[in-house]
Amino acid sequence: LAADIRYSQTLSMTRGDRYRINLTSASYQITDSSGVNPEVHPGSGSTSAVVLQGVVLSGYSPPLVNNYVVFDGRGIPYVDASTVLSANASITLTAGGSKKTIVISPETGRVAVQ
């Protein structure tokens, strides 16, 4: 997931357009900024959502109040069409008894796994 968030940011910067990663409790998908047109996932070659078997995504609201993060052409993360991410966004992945957190930094869009 961390690599795919970074991939969404890279798409935005190299194509000069906005791309976003949409989150549900068990999957995620890379789309255009409207969330309607899915992008081909570089690992699967499919436009289908990536389903995380046995993993639950949570903790991304707030500041990701719409359950997605979108990047502009400079790689800056937004929480919707016009609101810049103003604080670290954390996404928690839980599988069994283990947890990992992905943190997206405001301004730079840096993605770190903790």
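1. Leu 93 touches Leu 1, Val 55, Val 56, Leu 57, Ser 98, Lys 99, Lys 100 and Ile 102, leaving aside residues up to four places away in sequence. The model in which these contacts occur is a predicted one, and the contacts should be read with that in mind. Leu 93 itself belongs to strand β7, which covers residues 89–95. Among its partners, Leu 1 is 92 residues away in sequence, while the C-alpha atoms of Leu 93 and Leu 1 are 9.3 Å apart in space.

2. Is Leu 93 buried or exposed? Its relative accessible area is 19%, and because the cut-off for a buried residue is under 20%, Leu 93 counts as buried. Across the protein, 40% of the 114 residues fall in the buried class.

3. As to confidence, the mean pLDDT of the protein is 95, and 100% of its residues reach 70 or more. The lowest confidence is found in strand β4 (residues 56–58), with a mean of 94, and the highest in helix α1 (residues 2–15), with 97. Val 56 and Leu 57, both listed among the contacts of Leu 93, carry numbers that fall within the range given for β4.

4. The secondary structure consists of one helix and nine strands, and along the sequence these elements follow the pattern α-β-β-β-β-β-β-β-β-β. The radius of gyration is 13 Å, close to the 13 Å that the globule rule gives for 114 residues, so the protein is as compact as a globular protein of that length. Taken along the principal axes, the C-alpha atoms fill a box of roughly 40 × 30 × 20 Å. Of the contacts with a separation of 6 or more, 47% are between residues 24 or more positions apart.

5. Two backbone angles deserve a second look. Most residues other than glycine have a negative phi. Asn 67, however, has a phi near 60°, a positive value, and this residue sits in the loop between β4 and β5 (68–71). With a relative accessible area of 29%, Asn 67 is partly exposed.

6. Glu 107 likewise has a positive phi, near 70°, and lies in the loop that runs between β8 (98–104) and β9 (111–113). Its relative accessibility is 63%, so Glu 107 counts as exposed.

7. Turning to the surface and the charges, the accessible surface of the protein comes to about 5700 Å², and 50% of this belongs to carbon and sulfur atoms. There are 8 positive and 7 negative side chains, with the centres of the two sets lying 8 Å apart.

Key: Residues numbered from 1 in each chain as written. Predicted model: local features only at pLDDT ≥ 70, side-chain atom pairs only at ≥ 80, totals over all residues. Heavy atoms only, no water. Helix = DSSP H or I, 4+ residues; strand = E, 2+ residues; numbered from the N terminus. Rg over C-alpha atoms; globule rule 2.2 N^0.38 Å. Buried < 20%, exposed > 50% of the residue type's maximum accessible area, 1.4 Å probe, protein only. Contact = heavy atoms within 4.5 Å. Areas by Shrake-Rupley, 256 points an atom, 1.4 Å probe, with all protein chains shown as cover. Lys, Arg positive; Asp, Glu negative; His and termini not counted. Charge placed at Lys NZ, Arg CZ, Asp CG, Glu CD. pLDDT = per-residue confidence, 0-100.
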